[in-house]
Amino acid sequence: MDYAAIQANFEKHGFTTRLFSSADEARNFFVETLDKQTIGFGGSITLKELGLFEALSERNAVVWHNRTGHAFDVRRLANCARVYITSANAVSETGEIVNIDGTGNRVAMTAFGPDTCYYVVGRNKITPDLASALDRSRNIAAPLNAKRLGAKTPCAARGDRCYNCDSPGRICRITTIIDRAPFSMKSEIVFVDAALGL
């Protein structure tokens, strides 16, 4: 994978990028960089696999609805954080980020709110172009997330693709494509040369 070219495309689109060879290196970067901050987390298996909540909670106030009760209230609190960390369902080598969300808290924070938004992206999330990033988000990440969450949807039951269903339990309700870093915040892509998340 040509990370230099991928990073150059994201940087041309206004993002800051970093590349780490392992999950440990990425986690250490966050621990060394963030101190005495209020940090919000978006729903992310990637962050769970990195152990970021535990690592950052030692010296920061970390708010994550996956780790604390009253999920709706915690999501609102996380949306007031100065720093937000999440992942992506897919990113393209050409410099776009695709996320699909059910509640909207995660995608909202990647567009407006924090001073800094970090995306942690494993190599398994990188696709050649925007069309393949949308395809990965819809037909790989979303069914896996629906199954993990116990959604009553065809994709969760069959686990093979999106059925563009109208099920009440559908978790695919908001799809965002961020093709340039928003004016309102610093947006940083932290690439990790490892398979992380769904």
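**Packing around N89, the cores and the rings**

From the side chain of N89, a polar contact runs to the backbone nitrogen of I100, with a distance of 2.6 Å. This is a predicted model, and N89 makes a handy way into it. The residue is found in the loop that links β4 to β5 (90-92). Despite that loop setting, N89 is buried, because its relative accessible area is 5% and the cut-off for burial is under 20%. Once neighbours within four places in sequence are set aside, its contacts are V98, N99, I100, R106, K125, R136, S137, A141 and N145. I100 thus turns up both in this contact list and as the partner of the N89 side chain at 2.6 Å.

Next come the nonpolar cores. In general, nonpolar side chains of soluble globular proteins tend to end up buried together. Here the largest nonpolar core counts 22 residues, and F30, F41, L56 and I85 are those with the most contacts inside it. Helices and strands both feed this core: α2 (23-33), α3 (45-50) and α4 (52-57) each supply at least two residues, as do β2 (38-41), β4 (83-86), β7 (116-122) and β10 (186-192). What does F30 touch, leaving out residues up to four places away in sequence? The list reads L52, L56, I85, Y118, V120 and V190. Two of these partners, L56 and I85, also belong with F30 among the residues that have the most contacts inside the core. A second core, separate from this one, has 18 residues, including Y3, I97, M109 and I126.

Helix α4 also holds F53. F53 counts as buried because its relative accessibility of 14% falls under the 20% cut-off. F53 and G40 are 13 residues apart along the sequence, while their C-alpha atoms lie 9.8 Å apart in space.

The aromatic rings give 10 pairs. One of them joins F10 and F15 edge-to-face, with 5.5 Å from centre to centre and 75° between the planes. Both members are tucked away: F10 is buried at 0% relative accessibility, and F15 is buried with a relative accessible area of 4%. The F20 and F29 rings come out as tilted instead, because their planes meet at 35°, with the centres 5.4 Å apart. Burial holds for this pair too, with F20 at 14% relative accessible area and F29 at 9%. On a wider view, F10 and F15 join Y3 and F191 in one aromatic cluster. Y3 therefore has a place in that cluster as well as in the second nonpolar core, whose members are buried by definition.

Charge meets ring at Y163, where two arginines are involved. R161 lies over the face of Y163, 3.9 Å from the ring centre. The charged end of R158 sits over the ring of Y163 as well, at 4.7 Å from its centre.

That leaves the cysteines. How many disulfides does a search of the whole structure find? The count is zero. For C162, the nearest cysteine sulfur is that of C172, 5.7 Å away. C162 is in no disulfide, because a pair would need its sulfur atoms within 2.5 Å. Is C162 buried or partly exposed? C162 counts as partly exposed, at 23% relative accessibility, whereas C117 is buried, with a relative accessible area of 0%.

Definitions and conventions:
Residues are numbered from 1 along each chain as its sequence is written. This is a predicted model: local features need pLDDT of at least 70, side-chain atom pairs count only at pLDDT 80 or more; totals for chains, interfaces and linings use all residues. Side-chain values use heavy atoms; hydrogens and water are left out. A nonpolar core is a set of buried Ala, Val, Leu, Ile, Met, Phe, Trp, Tyr and Cys residues joined through side-chain atoms within 4.5 Å. Buried means under 20% relative accessible area, exposed over 50%, partly exposed in between (1.4 Å probe, protein chains only). Helices (H or I, at least four residues) and strands (E, at least two) are DSSP runs, numbered from the N terminus. Contact means heavy atoms within 4.5 Å. Rings of Phe, Tyr and Trp (its six-membered ring) pair if their centres lie within 6.5 Å; planes under 30 degrees apart count as stacked, over 60 as edge-to-face and the rest as tilted. A charge sits over a ring if NZ of Lys or CZ of Arg is within 6 Å of the ring centre and within 35 degrees of the ring normal. A polar contact is a pair of N or O atoms within 3.5 Å; within protein, one must be able to donate a hydrogen and the other to accept it, and residues adjacent in sequence count only if both atoms are side-chain atoms.
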